[in-house]
Amino acid sequence: KTEYERIVDYEIKNDAKPKSQEHVIIKSIKNGQLDRLTYARSFDEKTGEMKDITVEEWQKGEIVRIQKTPVAKWIKGTWVMEGGSVADLTGKNGVSRSMTFGEQVLPITETPKEITLDQKSADQMTIGELKQYIEILVRQFQPTSQYVMEMYARFSIPLASFFFALIGAPLGVQSQRTGTSMGLGMSVVIIFAYYSVMTFMTGLGRGGAIPPLLAAILPNLLCGVFGGWLIWKKDK
């Protein structure tokens, strides 16, 4: 899917992907394990700049070194950090030493265009990628509601079919043809109402107005309660 969308954006839509992005993440994998993770608060392909950068170096699943810099610029084929700090975390009690620098090469080889290509939106990520991305944002004290909402939606939306069945069963069981047609029409209206509520709640969850978990389960909960009431009424 990602490669397909990349071709559509860059070959058919003439480079339609935004040049300026927020929360950019660049991962370096070595021998099947995370070796380096670079996070930038903002990135602009046109100017060749990244701002508010954190570089985490990993060994055996643990962070061993962190570099921070306010800005890095793409200069003659290299990303150059302008002023920053390095913290070594290999000591027994955490930070064993730290230092500052005036200028240093950022240890990534991706060009500005390649960075733009590699970034995924929330709906393009796998569950594992969403979890990892959320952890990164938490460490950077950045909002995570959009990605948490997307993760919960991956489970709540497939479950909707079960709750639709709770509503459809009592409406579909009618003794007369007109009653069956009316039940089918009501089912369509209820499903439309469900998706309207789901869309509204998803917007609230992504924006952080309400907890994402509540936003994800509430449409199904309302649908389930209504379906249960219809079944109880039919039994009566």
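Which residue in β4 does M50 stand opposite? It is A72. Keep that pair in mind. This is a predicted model, and I'll start with the strands.

M50 sits in a stretch that pairs along its length. Strand β3 covers residues 49–59, and strand β4 covers residues 62–75. The two run antiparallel, joined by 10 bridges. They make a hairpin with 2 residues between the strands. Look at K60 in that turn: its phi is positive, about 55°.

Now go on to the next strand. β5 covers residues 78–88 and is antiparallel to β4, with 8 bridges between them. One partner to find on screen is R65, which bridges to D88 in β5. β4 and β5 also form a hairpin, again with 2 residues between the strands. Here K76 takes the positive phi, near 50°. One general reminder while you look at the strands: side chains in a regular strand alternate between the two faces of the sheet.

Let me step back to the whole protein. We have 6 helices and 6 strands. The order along the sequence is α-β-β-β-β-β-β-α-α-α-α-α. There are 236 residues, and 38% of them count as buried. Take the contacts with a separation of 6 or more: 47% of those come from residues 24 or more positions apart. The exposed surface is about 14,300 Å², with 59% of it supplied by carbon and sulfur atoms.

Next, two loop residues. Start with G48, in the loop between β2 and β3. Is G48 buried or exposed? G48 counts as buried, because its relative accessibility is 5% and the cut-off for buried is under 20%. What does G48 touch, beyond its neighbours within four places in sequence? The contacts are A72, K73, W74 and W79. A72 is the residue we met opposite M50. W74 is 26 residues from G48 in sequence, yet the C-alpha atoms are 5.0 Å apart. W74 and W79 also belong to one aromatic cluster, together with F43.

The second loop residue is Q142, between α3 and α4. The Q142 side chain makes a polar contact with the side chain of R41, at 3.4 Å. Leaving out residues up to four places away in sequence, Q142 touches H23, Y39, R41 and L137.

On to aromatics. A search of the whole structure finds 8 aromatic pairs. Take Y133 and Y147 from that search: 4.6 Å centre to centre, planes at 55°, so the pair is tilted. Y133 is in helix α3 and Y147 is in helix α4, 14 residues apart, and the pair links distant parts of the chain. Both tyrosines, Y133 and Y147, are buried. Now F226 and W229: this pair is stacked, 6.0 Å centre to centre with 25° between the planes. F226 and W229 both lie in helix α6, 3 residues apart, about one turn of the helix. F226 is partly exposed at 31% relative accessibility. W229 is partly exposed too, at 41%.

Last topic: charge. Side chains of opposite charge can pair when their charged atoms come close. How many salt bridges does a search of the whole structure find? The search finds 6. One of the bridges joins E82 and K73, at 3.8 Å from N to O. E82 is partly exposed at 29% relative accessible area, and K73 is partly exposed at 28%. K73 is also one of the residues that G48 contacts.

Now find E150. The E150 side chain meets R154 in a salt bridge of 2.8 Å, N to O. R154 and E150 are both in helix α4, 4 residues apart, about one turn. E150 is buried, with a relative accessible area of 9%. R154 is partly exposed at 26%. E150 also meets R206 in a salt bridge, this one at 3.1 Å. Why does that pair tie together parts that are 56 residues apart in sequence? Because E150 lies in helix α4 while R206 lies in helix α5. R206 is partly exposed, with a relative accessible area of 40%. Put together, E150, R154 and R206 are linked in a network of salt bridges.

Conventions
Residues numbered from 1 in each chain as written. Predicted model: local features only at pLDDT ≥ 70, side-chain atom pairs only at ≥ 80, totals over all residues. Heavy atoms only, no water. Pairing = 2+ DSSP bridges. Buried < 20%, exposed > 50% of the residue type's maximum accessible area, 1.4 Å probe, protein only. Contact = heavy atoms within 4.5 Å. Areas by Shrake-Rupley, 256 points an atom, 1.4 Å probe, with all protein chains shown as cover. Polar contact = N/O pair within 3.5 Å; in protein donor to acceptor, adjacent residues only side chain to side chain. Phe/Tyr/Trp six-rings, centres within 6.5 Å; stacked < 30°, edge-to-face > 60°. Salt bridge = Lys/Arg side-chain N within 4 Å of Asp/Glu carboxyl O.
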